[in-house]
Amino acid sequence: MAIESALRRMTYVELLQFSQQIAHALRDRGVQPGDVVITDLAEELNLAFAEALFHEATIAGCCLGPVDVANAVRADWLVVHRPSPSFPRDRTIVVDEEFLGEVVSLSTSIEPRVYEGFDSVARLVFSSGTTGMPVAVPYSIEVIEGRCRLAEERSLPIRPFMSLVTMVGSLGLRTAYGAVMAGDTYYSPGRVNENVVLLKENYVASLQGSPIQLAALVEYLCGTNDTLADVVAVQAVGSSLSSNLAQTIGQFFNAPVSVAYGSTEGGLVSVIDDVVENALELWRPFHDFDVEIVDDDDRPLSAGEVGELRYRGPYTVDSYFRAEGSGRRSRRNGWVYPGDMARLAADGRFVLKGRATEIINAGGVKLNPTAIDEFVRHFDGVRDAASFAFEAGLGVDGYAVALVTDDGFDVGSLTAPLTDQFEGCAPRYLVRVNAIRRNAGGKVLRAEMAEDLRRTLASR
């Protein structure tokens, strides 16, 4: 769409006017303050619609594949490019050429509606959904602005700054909202080649992205014999960063590589400033966060013992949105449980040991799928990999590994080294795929990949 292309180069004043026109169109269609509005739009439109939905004092969130999510949170409106038969048509707003043409003809003289207070829920951000349907985390205005301020102090303040993470996730929302708060330019991420143009044209100095996004960027630049001379700092977010990839990124940009740890529910907890100078696995929480490692009965464990990580700190979220009766809470007794396994070091730092919900119990042997992924990715010819729990036969749990490889790579050659490396546990299946399934933050969707394999096997 021509308007979407123009949005990439809008000034802040033009964007503000456009978002007011969108708000006008939404109001004309019946959108009211407090309505729950789920959007699934081209990334170029996300900021303008987010501002419009703030303007109308709604509870809004964007999510890829939004229909099931919209129904789960009992949304009042669905704003999409194409209607869905699974959501009422009279509560669907279709953003097409006709709608956008109407928008630009509307007046910007429209008074904003206001939230009741800073503790009002203004935005829904969806958790990773690695074990099923994403769950909505409600952000108040206080939480959004508080996290933006903390990120400004603790993360990547070097400007111009660009994040490759879209507004679907909490990191993308924080980047966009923070840019508006500070009066900075927001660079809307797109395809790798589009991002390179934005990075070069705007002399971007600090860059943030998930490990898979950063790897794709470096691979593209190497393939085009290009570079980004202005980048002086890089940060990995959203999922684990392997030491090999960290070194590759640092060497390519000749810049320090930091890595951030946090969650949608709890915000930014820790940053390792330079993974070349510091141990990649040792995380020190910020001074206003308390971190404990606990057993299944929530009893704190001693240093060196592996258990579930929990923490408490500023701007954490108490509960999930409209999850009554589900038994799911983001915080228990003041603590956030992000779902990670970890152990404490003697000096108070912590070492992550994988997702609690993803740990593979292979016939009684506990395996960390992230460690399997990193091990496999070191082999020449393997471009990407993801492991997941999968039945090994006769009702015994095991694991499978999905692989993106170069042509001619023998996936069966990995069976012996995997068996030797992981306590004699051989993979049940080694499967070649075109791409590893990930969410917007770069986290592997292991449950979905296991289901893909089940369907493939059932069809044979």
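This report walks through the confidence, cores, sheets and a helix of one protein chain.

**Confidence**

The model is predicted. Mean pLDDT for the protein chain is 88, and 93% of its residues reach 70 or more. Among the chain's elements, helix α1 (residues 2-7) has the lowest mean pLDDT, 62. Strand β4 (residues 92-94) has the highest, 97.

**Nonpolar cores**

In soluble globular proteins, nonpolar side chains tend to be buried together. Here the largest nonpolar core has 48 residues. Those with the most contacts inside this core are Ile 22, Phe 49, Val 95, Phe 99, Tyr 139 and Met 167. Helix α3 (residues 43-55) gives the most to the core, with 8 residues. Take Ile 22: leaving aside residues up to four places away in sequence, Ile 22 touches Ala 48, Phe 49, Ala 52 and Val 103. A second core is separate and has 46 residues, including Val 231, Val 257, Tyr 261 and Ile 293.

**An open sheet of five strands**

Strands of a sheet pair through backbone hydrogen bonds, either parallel or antiparallel. One open sheet here has 5 strands, in the order β7-β8-β9-β10-β11, with mixed pairing. β7 (161-163) and β11 (267-272) are the edge strands; each has a single partner, so one side of each lacks a neighbour in the sheet. On average, neighbouring strands of this sheet are turned by 20 degrees against each other, direction ignored.

Within the sheet, β8 and β9 pair in the parallel sense. Gly 209 stands opposite Ala 236 in β9. Helix α10 (residues 243-253) lies across β8, β9 and β10 (257-263). This helix runs at about 135 degrees to β10.

**Around strand β17**

Strand β17 (residues 340-344) has two faces. Asp 340, Ala 342 and Leu 344 form the covered face, while Met 341 and Arg 343 form the uncovered one. β17 runs antiparallel to β14 and also antiparallel to β18. Ala 342, on the covered face, has Gly 307 opposite. Arg 343, on the uncovered face, has Val 351 in β18 as its bridge partner. The hairpin of β17 and β18 has 5 residues between the strands, and Gly 348 in this hairpin takes a positive phi near 95 degrees.

Three strand pairs compare as follows.

| Strand pair | Sense | Bridges |
|---|---|---|
| β8 (residues 206-209) and β9 (residues 233-236) | parallel | 4 bridges |
| β14 (residues 306-312) and β17 | antiparallel | 3 bridges |
| β17 and β18 (residues 350-355) | antiparallel | 5 bridges |

**Helix α13**

Helix α13 (residues 446-458) has 13 residues. From first C-alpha to last, α13 reaches 18 Å, close to the 18 Å expected at 1.5 Å a residue. Buried residues in α13 are Arg 446, Glu 448, Met 449, Ala 450 and Leu 453.

Terms used. Residues numbered from 1 in each chain as written. Predicted model: local features only at pLDDT ≥ 70, side-chain atom pairs only at ≥ 80, totals over all residues. Heavy atoms only, no water. Expected span 1.5 Å × (residues − 1). Buried < 20%, exposed > 50% of the residue type's maximum accessible area, 1.4 Å probe, protein only. pLDDT = per-residue confidence, 0-100. Core = buried A, V, L, I, M, F, W, Y, C linked by side-chain atoms within 4.5 Å. Contact = heavy atoms within 4.5 Å. Pairing = 2+ DSSP bridges. Axes fitted to C-alpha atoms, helices over the stretch in contact; angles between N-to-C directions.
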